[in-house]
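User: I should like a close look at a single part of this protein, followed by an account of the surroundings that can be described alongside it. Please keep the answer connected.

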Amino acid sequence: MEEQLAQLLSATQSAQEAPRKHAEQQLQSLYGHAEFPLGLVSIASHESVPLNIRQSALLNLKTFVLVGWSPQFDEFGGSVLVSDEHKVQIREALFGLSTSGAIDRKVKSAASYVASKIASADFPEQWPDLLPNLMQIIPNGTDGQLHGALKMLDELVDDCFNEKQFFSVARDLVKIIYDVAVDQRRKPTLRALAVSVFRRCFDILEMVMEDHKGPVKAFADEVLGQWTPFFIEIMKTRLPDPPSEQEENEDTPNAEAYRGLVALKLQVVKVLMRVRSVFPSMLSPQSPVLFSATWEELSSLQSAYHQMYIQEERQSRLEDADGLPYTLDFLVLEELDFMQACLRAPPVRAELEQQLQNAQGAEGTWVTEVMKLAVAYAQITTEEEGLWNVDVNIFLSEETSVTANYTPRTACGDLVIKLGEWLTQPTLDGLLSYTRSLYSTTESWKAKEAALYILNQLLSDFQDVDKQISPETANGFVDFIHYAVQQTDSFLRARGYLVAGSLTRTSSDALQPVAKTFLEASLQAIPNDESEVVQASCIRAVQYYLQALSPAITQPLQTSVINSISTYLQSQDMQELAESDDLLVTLVETLRDAILLDTRICLTGTGLDLLFTVASHGANNFQLTMLVNETFEEVTGTIAALGGDAYINLCAKVLPSLTGAFDIGNLTEENALTNLAADLLSVLAENGSEPLPNGFVQATMPKLNRLLLGSTDDELLKSATTAVKNILSHDHKQLFGWHDESGKGGLEVVLIIIDRLLSTSVNDNAAVEVGSLAAEVVEKAGSERLGPYLPQLLRAVAVRLGTATHAPFIQSLTLVFARLSLVNAAEVIDFLAQLDIGGVNGLQVVLAKWLENSINFAGYDEIRQNVIALSKIYDLKDPRLSQIMVKGDLIPNSDGRIVTRSRARANPDQYTVIPASLKILKVLIVELSGASGSNQILDAEAAAQLAEEGSDDDDWEDETNPFQDLGTGLSKEQLMAYAAEDGPSSGRQRDDETQAFLVDFFTRAHDSPGFSDEFQALTSEEQQRLREMS
């Protein structure tokens, strides 16, 4: 069988899809064969088998184990496919592979991963000797055996121990890995792996600390007492000179030793960061020593880092096969973060504040030294320089912090930001002092750019928290801006323009004398500078000026801003530009700010045309389309408010572009462009005049009708449905008076559209807006015009509601009946009661879905309409309501077991069954709480605490933040409320109108027949809520 398996495994590596898929299916078909897992293990054990096949064997074994080893796995297929006898053989073989001294590391890692999966199900009951065997190998094994044993132990600690198992062996386990970590005879990489295992132990300690605070703290105190001196020693140990690039490429012993020491230091810093997050007060007394050691190390590594990454282009961000980072840039990054954390430790702060009080002036203080350090590591690396020169979009993504790429440069920005939060003016003074000394030297452009980059980061943070820089400090940096924008190096020049904008934005009126000059210089550079990086930086910087300067300065330059961007776009290849998401967004943001200075320019200038041009090339970018929609919404709103012919002129200008986009999108099958056009058309109609301009319907409805009857795109159907609804809402006469090319009237066309959207061929998400369109048709056309179509329409809505599962779609359909109930609730109940939907009474179908989902409705108007409609239905006191039984309260789970996904599937939630009239009261009590704002969990103080996430000294104390600790007893509803908007437990703002209505309703209901019996049927919490109201 092994030969057959080897052939199949080889075929799964094929580049051709058909043979690969066939081999994968063949392997799965062998799952029931008793020899299958043994064959895979045997193949993985043979040294003569190619490495990739051995790895593939272990990968397939892991998949098999998850499906057929134990019911404990989520992927379990329903049958155990391995006998107990074979399980013993497989466990022993995998243990041997994992702890062998001679096998390839990748094979060992794969074997230990499979073994850990098995251990998560079998340890300790079926595999009791696993841990004793590992702990026997670790002190005495060869380097190869030790490596495998540590990998297995790492997986075991990560995935297999429960608290009882861990604490029964914790002391012995920690002692054994400590002995490896401090053993200088061992390879540094093995010592680093031991430290990594120790770090894993803190994950377990953190999980059990809530229930066993005293014992856990005592244990942590004991082991840290042993480990901390070792950590300090490693932190203080200096790295040797780095290997040359040739030594790195040839993997010489010198290069290997250097990598090992970096990896060891890195793991030590990672442990210290982990300890600080779990037991900060234990580390606090050592924080001054650790801070000094970190600072000294970073100072000593500057020249090596500069040589390797600023001058040369060494490989960075590398990890070994065990996932241990080993390059110098990773170490610098971790140490910068740890240094930032230490700055918040009370003992460190006390010492540094004392030094600052004793200092004379900003020169020579420790703050200035921190700036020197930050500037050294914030310099643009050779790799970044190359990337940014080739692709300006990458530069912008770093600049706007939308990248996930966290580098020493960004870490330095964060370090100075944290320092600025603590010591605002001393930080600015220190940076200004060091920048002065730097710019008076012949230091490279990279250092000068880095100083301004650090300032830029600091100013961005000031902008975020509405903090201003003093006029004296702001003016102190002006000369460096003048210097930077005149230099030949493009990155320094770009930084000068960006800092000029940031400084203007955060210095109040301090830079008014030069701000207009800076703005005009940016506008000149956008079309004329030879560097794309400078052009993009200036486009971004212009936003800052438009947001910060008074209209008296910016408005006369509105046309110049738009023209400079127009000239820039004419020089660009728009197809290439479409690939640059961040640059497109920056262009749209700047255009938005320019247009909104005075939206009347949209009627005469090219601003809106440019916006649409950029949008048409970036329609797939969600952020960009949102910006365009929001901008156009403000434009249409303000222009419509001007009155007169302004809105008519706007329609004349934009309708050809929008309807043309439908045609282009259709020809190119570019759904995103058509979607954007439909969104914008919907916005145009929503903000339109009443009635709409003549010809509006004729210009738009043929395209919308074609889309709504032919498209299968969810988003397009939603946008187009909303557009038709808005047209109907603003000018139903023009719509009903219009006829399509076949002679159908507007009302008939809309009814055909609704009929298609309510059919089962259109999914819930795509049809989500049809309810509001149907409600609008019923209100605007009226029963006389609709005639026999009205009951047909309402029946179709009720039938579709019965099968709907998507919450917004359910709300949309329900509100058709809710809005009708506002006018005549009795007729709605009568109509539904005589419907038969698949053998079920229509009133049962609609009310069950309506009442089950009411508390999840969103939108203030929609919630208010729903509340009033339900109150009117309740006031009918119709005996049929008491006969309709609907879902009531959740029956709590009494077994106390954690509900896993498999248990939830096997035992779904159970609910009581109650009359609809009682359920209406329960829904309205929930809405009473929502309208009063009483369910707001996050008050201002708590929200601030959550936003800070422990950004001051508090994270060196042991008191947990309830918003960071999910074990503090917050209910599921409270936690879910963070994500909800208008849900029943959300932090909804007060709605006094709805609250007043509900208070009046319950006051009246109190005296109505049958209310006392219904009151007794409420829960005690609901009864208390009504008592509090009264």
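Leaving aside its neighbours within four places in sequence, which residues is threonine 631 in contact with?

Analyst: The model is a predicted one. In it, threonine 631 makes contact with Arg592, Leu596 and Leu611, once its neighbours within four places in sequence are left aside. Threonine 631 is part of helix H35. Its relative accessible area is 1%, and because buried means under 20%, threonine 631 is counted as buried.

Helix H35, which spans residues 622-642, also takes part in the second largest pocket, supplying at least two residues of its lining. The same is said of helix H37 (671-686), helix H39 (714-730), helix H42 (770-786), helix H44 (807-833) and helix H46 (860-875), each of which supplies at least two lining residues. The volume of this pocket is about 1400 Å³. It is lined by 42 residues, of which Asp679, Ser682, Lys718, Thr722 and Glu769 are the closest to its centre. Sorted by class, the lining comprises 18 polar, 12 nonpolar and 12 charged residues.

Another part of the chain to consider is helix H4. Helix H4 covers residues 51-68, and its 18 residues should span 26 Å at 1.5 Å a residue; the end C-alpha atoms are 26 Å apart, so the expected and modelled spans agree. Buried residues of H4 include Ile53, Leu58, Leu61, Phe64, Val65 and Leu66, and also Arg54, Asn60 and Lys62. Among the elements that cover the buried residues of H4 are helix H1 (2-11), helix H2 (17-29), helix H3 (36-45), helix H5 (84-98) and helix H6 (105-122).

Aromatic contacts bring in H4 again. There are 30 aromatic pairs in the structure. One of them joins tyrosine 31 to phenylalanine 64 in an edge-to-face arrangement, with 5.2 Å centre to centre and 80° between the planes. This pair links distant parts of the chain, since tyrosine 31 lies in the loop between H2 and H3 while phenylalanine 64 lies in helix H4, 33 residues apart. Both tyrosine 31 and phenylalanine 64 are buried.

A further aromatic pair is formed by phenylalanine 230 and phenylalanine 231; this one is tilted, at 5.9 Å centre to centre and 45° between the planes. Phenylalanine 230 counts as buried because its relative accessibility is 4%, and phenylalanine 231 counts as buried because its relative accessibility is 1%. Phe230 and Phe231 also belong to one aromatic cluster, together with Tyr178, Phe198, Phe202, Trp227 and Phe279.

Conventions
Residues are numbered from 1 along each chain as its sequence is written. This is a predicted model: local features need pLDDT of at least 70, side-chain atom pairs count only at pLDDT 80 or more; totals for chains, interfaces and linings use all residues. Side-chain values use heavy atoms; hydrogens and water are left out. Helices (H or I, at least four residues) and strands (E, at least two) are DSSP runs, numbered from the N terminus. The expected span of a helix is 1.5 Å times one less than its number of residues. Buried means under 20% relative accessible area, exposed over 50%, partly exposed in between (1.4 Å probe, protein chains only). Contact means heavy atoms within 4.5 Å. On a 1 Å grid over the protein atoms alone, a cavity is a set of points where a 1.4 Å probe fits but cannot get out, and a pocket is an open set with protein on both sides within 12 Å along at least five of seven lines; lining residues have an atom within 4 Å of a point. Grid points are joined across faces, edges and corners, and a volume is the space filled by probe spheres set on the points. Ala, Val, Leu, Ile, Met, Phe, Trp, Tyr, Cys and Pro count as nonpolar, Asp, Glu, Lys and Arg as charged, and the others, Gly among them, as polar. Rings of Phe, Tyr and Trp (its six-membered ring) pair if their centres lie within 6.5 Å; planes under 30 degrees apart count as stacked, over 60 as edge-to-face and the rest as tilted.
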